[in-house]
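Biologist: I would like a close look at a single part of this model. Please start there and then work outward to the packing around the rest of the chain.

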Amino acid sequence: MGTIRLVSELTSLISELVRIDSVNPALDPSHRGESELARFVADWATARDLGVRWLESTPGRPSVIVTATGTGGDGPRTTGGSDTGANEPGGGRTLLLNAHLDTVGVAGMPAPFTPELRDGRLYGRGAMDMKASLAACMVAVARAATLGLAGDVILTAVADEEHDSIGTRETLAALTGQAGVTPVAIDGAIVTEPSDLEVHVAHRGFALFEVGLEGVASHTSQPERGVNALVHLGRLLSAVEELDRDLRRREPHPLLAHGSLKPVLARGVHELFTTPNHATVTIERRTLPGETAAAVRQELNELIAGLTSRDPTVTATVAALVAREPFEAQAGSEIERLLLAAIATERGVPAALLGAPYWTDAALIAAAGIPTLLFGPVGGGIHQPGEWVDLDSVHVMARVLDRVIDGFCA
């Protein structure tokens, strides 16, 4: 594909994707979610004779698997219904590209779905996170289908990365045989989250817990007859702050530094002149590779036990809300070697191996035993009103993906 054509096609495709509202309805229920964008991707891929599989175990939250089948298979793809052979491997090494369909909300954005080109940047909700990456992956898979490669190239365009990752969990189940179909052996994966054209090889996990504190109501003129749950909440918050300081005194991870413990939501009884008899706080723990959600739960239990030992009137319950494990790539994998070589060729300088500041679906893919890396374009304003992506960087990213595909799947 010529350079001028690629630039034009990518810019046009990113703009089309930004125009489609795919705000995650779990974050803002006034939006419809990923269905319209998923249908666009499926139709675009079908028009280019790519394998397409539609997954929607959660109604209204679809994901799409798009496949460029290699020449190593026993025959051509089959076609029928919503599935057109996305799970029929072509032989050779298989590369997985992952990009999410959903975006965060649009508060404070007067025209969030109107792409604006300015000074080499494209502005709009999802431009950076991560419709530019999705467009680059779509173009890369379409190109791969024309090259006669031995191996397959698979794109998972997934729902719900910004909340509960139902899309990546569903597509992994479909690809690895958990959904009762023939499994696909995936040899490497690139999750195309924004990385400023560097390579992210690790990120923290997280665990969320809700702690409920039970007191005894009384008239505030007779506080000795009550137990003030808000006072106990204050003690808990102080203990959380002290444990967070302790985490930062521990040996740092070489790429991710330290874990953290933070209160993020707090609520109490809303009534004057009554001793508060209930309070809750949601606590977020960011975890490092080697730290598990189970160990974090025990850590929190011990913190609360310390409060109770000092004051037996402290009554607390802990409920786990959601947890995601940390990610750390396998060092020295073939996909890492090829990706670093491709970046160096295209940019003229070697890429840095860094830790990402946020959690991504890479952790789920790596946990399935697939060598996984994070690589994506340059941009800014993620989760903010002024979100933008640098278009030159998307073109570099697309050329890097082409090189990796050529080397990995040939």
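Is Thr 103 buried or exposed, and what is its relative accessible area?

Modeller: The model is predicted, so read what follows as computed from its atoms. Thr 103 is buried. Its relative accessible area is 1%, and the cut-off for buried is under 20%. Thr 103 sits in a loop, between β3 (95-100) and β4 (116-118).

Now its neighbours. Leaving aside residues up to four places away in sequence, Thr 103 touches Ser 22, Val 23, Asn 24 and Leu 27. It also touches Arg 125, Gly 126, Asp 129, Lys 131 and Glu 162.

Next, the nonpolar packing. The largest nonpolar core has 87 residues. Leu 97, Leu 134 and Leu 339 have the most contacts inside this core. Helix α3 (residues 127-144) gives the most to it, with 14 residues. Take Leu 134 as an example. Again leaving aside residues up to four places away in sequence, Leu 134 touches Leu 17, Leu 37, Val 41, Ala 99, Leu 101, Leu 155 and Ala 157. A second core, separate from that one, has 22 residues. Among them are Leu 233, Val 240, Leu 261 and Ala 279. In soluble globular proteins, nonpolar side chains tend to be buried together.

Helix α3 also packs against another helix. The axes of α3 and helix α9 (residues 391-409) come within 9 Å. They cross at roughly 35°, and the crossing is right-handed. On the α3 side, the contact is made by Ala 132, Ser 133, Ala 136, Cys 137, Ala 140, Arg 143 and Ala 144. On the α9 side, they meet Val 394, Met 397, Ala 398, Leu 401, Asp 402, Ile 405 and Asp 406. By class, this contact of α3 with α9 has ten nonpolar residues, one polar and three charged.

A further helix pair is α5 with α6. The axes of helix α5 (residues 229-249) and helix α6 (residues 293-310) come within 10 Å. The crossing angle is roughly 130°, which makes α5 oblique to α6. The crossing here is right-handed. From α5, the residues in contact are Arg 235, Leu 236, Ala 239, Val 240, Leu 243 and Leu 247. From α6, they are Glu 299, Leu 303, Ile 304 and Leu 307. This contact of α5 with α6 has eight nonpolar residues, no polar ones and two charged. Val 240 of α5 appears in this contact, and Val 240 is included in the second core.

Notes. Residues are numbered from 1 along each chain as its sequence is written. This is a predicted model: local features need pLDDT of at least 70, side-chain atom pairs count only at pLDDT 80 or more; totals for chains, interfaces and linings use all residues. Side-chain values use heavy atoms; hydrogens and water are left out. A nonpolar core is a set of buried Ala, Val, Leu, Ile, Met, Phe, Trp, Tyr and Cys residues joined through side-chain atoms within 4.5 Å. Buried means under 20% relative accessible area, exposed over 50%, partly exposed in between (1.4 Å probe, protein chains only). Helices (H or I, at least four residues) and strands (E, at least two) are DSSP runs, numbered from the N terminus. Contact means heavy atoms within 4.5 Å. Axes are lines fitted to C-alpha atoms, for helices over the stretch in contact, and angles run from 0 to 180 degrees between N-to-C directions. Angles under 35 degrees count as roughly parallel, over 145 as roughly antiparallel, 65 to 115 as roughly perpendicular and the rest as oblique. A crossing is left-handed if the near helix is turned anticlockwise from the far one by less than a right angle, and right-handed if clockwise. Ala, Val, Leu, Ile, Met, Phe, Trp, Tyr, Cys and Pro count as nonpolar, Asp, Glu, Lys and Arg as charged, and the others, Gly among them, as polar.
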